[in-house]
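Let's take a friendly walk through this protein together. Please have the sequence and the 3D view ready, and follow along as we go.

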Amino acid sequence: MNICMVGVGYVGLVTGTCFAEFGINVVCVDKVADKISMLKRGKVPIYEPGLEEMVAKNMREGRLGFTTDLEEGVRDALVIFIAVGTPQGDDGAADLKYVEQVAQSIGQTMSEYKVVVTKSTVPVGTGQKVEAIIKAHQKEPIDFDVVSNPEFLREGSAIEDFMRPNRVVVGAESERAQAIMRDLYAPLYLIETPFVVTNVKTAEMIKYASNAFLATKISFINEMANICDRVGADVNMVAKGMGLDQRIGPKFLHAGPGYGGSCFPKDTEAIAHIAREHGYEFKIVDAVMAVNQRQREIMADKIVAALGGSVQGKTVACLGLTFKPNTDDMRESPSLTILPRLMDRGAVVRAYDPAGLAEADHAMPELVACENAYHAAEGADCLVLMTEWNQFRNLDWQHLAGVMRGRVVVDLRNVYKPERVRAAGFTYVSVGRP
Ligand code: NAD
């Protein structure tokens with residue numbers, strides 16, 4: 001089968017490459033010429049473990065190609081995936097302009113039956129919109145189906161998530177489109193992946209419902225951590241004790257600086273907006289968003305308090321900047337709120353991140369970019385663990401004590417053993433642990 005993937009971001013590039021790995025011929029299209037020329041040279045424009053090797057292999061084997069020409073991608077493809085960005089608009093709603101542009105071009109270029117699949121996260125009703133746009137731009141009436149196939153991969157483990165998903169959701173209203181989607185995902189059928197086949201609107205809703213629920217779990221445990229801080233309980237043990245209940249489950253119960261990234265912040269805003277548009281106040285999600293915003297303020301205040309109530313003239317070493325490990329994605333990272341708060345109050349921030357420094361530098365040019373954790377710690381009054389990259393899990397505390405000016409560690413990810421850090425002579429502060 002031949003397919004076309006429009007948009008080679010975190011989702012499009014990973015899913016396109018993984019479909020090629022399944023033996024399908026894939027042409028990936030992006031409007032950014034620099035990305036396409038990089039990819040043609042076998043270079044991957046994002047940081048995602050294992051992706052560059054997989055791209056190179058499938059290009060070598062002739063199943064994966066790249067172009068800026070949508071017509072070239074659409075021509076021979078039976079299935080066209082739309083995997084472009086759906087960023088947050090000014091009013092909180094998902095901005096669909098890229099999806100709409102692509103739908104228009106597909107309408108203009110298609111000359112035979114196609115299945116057009118929205119992989120991007122889109123509000124309920126977008127499938128109908130895409131269908132209307134394609135129809136309105138066809139030169140002559142040609143049959144096609146619009147399918148919703150939301151993506152659940154996580155940056156940092158995207159390949160594994162695509163290859164071994166918990167489930168595949170397909171919203172398709174014709175038997176023909178359903179059969180083609182089953183065929184496309186045949187290798188996942190073989191490993192008995194559950195398929196949820198439903199109508200387009202329901203599939204679109206499943207994605208928002210999932211992300212809103214996960215964001216709720218995070219805000220819930222963060223509020224628990226704040227209460228633990230006040231009463232002297234240990235949120236890690238609370239999470240463990242809760243998570244062993246199979247109705248609750250242990251995942252997404254890690255207290256920290258709040259969720260970030262390109263999905264949860266915009267998807268919670270979008271579902272709240274969808275609800276409002278339909279005359280309903282989604283009170284839980286409104287609270288989840290407010291708690292997440294407040295959590296960042298609370299973390300900034302925690303760092304200031306750990307430094308005795310003022311950061312004026314103090315140097316803070318920040319380890320990790322991205323919203324989570326194993327990605328270079330800085331979108332909506334908590335560091336983008338917390339660090340400017342410290343710098344506004346007179347702190348100098350020295351920072352190191354294994355993949356996010358270049359992006360962070362655009363957003364916060366006043367950061368002092370460092371070469372590694374120990375370089376960042378030089379002369380620092382306080383060390384903050386912002387993102388739990390593996391390379392920060394086993395720090396040499398004696399070495400740090402030797403290069404730092406102060407002796408304060410603020411662990412925003414609850415990664416370190418308090419006794420160990422304290423034994424090295426540091427004051428240790430974490431999130432919701434006594
Ligand atoms: P991204 O911003 O990394 O990539 C989007 C790509 O689309 C860019 O390369 C952009 O140049 C390209 N593009 C935009 N308009 C185009 C056009 N008209 N023609 C061709 N290319 C065009 O976005 P992403 O993180 O991959 O997310 C894509 C969608 O998937 C979003 O709706 C997002 O919510 C959803 N999603 C993302 C993740 C994630 O972890 N990033 C996970 C699940 C779902």
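How far is the sulfur of C370 from the closest cysteine sulfur, and in which residue does that sulfur lie? Before the answer, please keep in mind that this is a predicted model. The closest cysteine sulfur belongs to C318, and it lies 10 Å from the sulfur of C370, which is too far for a bond. A disulfide is a covalent bond between the sulfur atoms of two cysteines. To be counted here, the two sulfur atoms have to be within 2.5 Å, so the 10 Å between C370 and C318 rules that pair out. The picture holds beyond this pair, since a search of the whole structure finds zero disulfides. C370 itself is buried, with a relative accessible area of 4%.

Another cysteine, C228, takes us to a pair of helices. C228 counts as buried because its relative accessibility is 5%, and a residue needs to be under 20% for that label. C228 is one of the α10 residues that touch α11, along with F220, I221, M224 and A225. From the α11 side, the contact is made by V235, V238, A239 and M242. These contact residues divide into nine nonpolar, no polar and no charged.

How do the two helices lie against each other? Two packed helices are described by the angle between their axes and the distance between the axes. Helix α10 spans residues 200-231 and helix α11 spans residues 235-243; their axes come within 9 Å and cross at roughly 135°. That angle makes α10 oblique to α11, and the crossing is right-handed.

Now stay on α10 and look at two of its residues, K207 and N211. Is K207 buried or exposed? K207 is buried, with a relative accessible area of 5%. Leaving aside neighbours within four places in sequence, K207 is in contact with T121, P150, E151, F152 and D267. For a sense of scale, K207 and T315 are 108 residues apart in sequence, and their C-alpha atoms are 42 Å apart in space. N211 also counts as buried, at 5% relative accessibility. Not counting residues up to four places away in sequence, N211 touches C263, F264 and D267. D267 therefore appears in the contacts of K207 and of N211, as the 4.5 Å limit on heavy atoms defines them.

A second helix pair lies towards the start of the numbering. Helix α1 (residues 10-21) and helix α3 (residues 51-60) pack at an angle of about 50°, with their axes 10 Å apart. That makes α1 oblique to α3, and their crossing is left-handed. On α1, the residues in contact are L13, V14, T17, C18, A20 and E21, and they meet L51, M54, V55, K57 and N58 in α3. This contact divides into seven nonpolar, two polar and two charged residues.

Finally, turn to two loops and their backbone angles. E192 is found in the loop between α9 (186-190) and β8 (195-198). Phi of E192 is near 60°, a positive value in a residue other than glycine. At 69% relative accessibility, E192 counts as exposed. F252 sits in the loop between α11 and α12 (264-277). Its phi is near 65°, again a positive value in a residue other than glycine, and at 28% relative accessibility F252 counts as partly exposed.

Conventions: Residues numbered from 1 in each chain as written. Predicted model: local features only at pLDDT ≥ 70, side-chain atom pairs only at ≥ 80, totals over all residues. Heavy atoms only, no water. Axes fitted to C-alpha atoms, helices over the stretch in contact; angles between N-to-C directions. Helix = DSSP H or I, 4+ residues; strand = E, 2+ residues; numbered from the N terminus. Parallel < 35°, antiparallel > 145°, perpendicular 65-115°, else oblique. Left-handed = near helix turned anticlockwise from the far one by under 90°. Nonpolar A, V, L, I, M, F, W, Y, C, P; charged D, E, K, R; others polar. Buried < 20%, exposed > 50% of the residue type's maximum accessible area, 1.4 Å probe, protein only.
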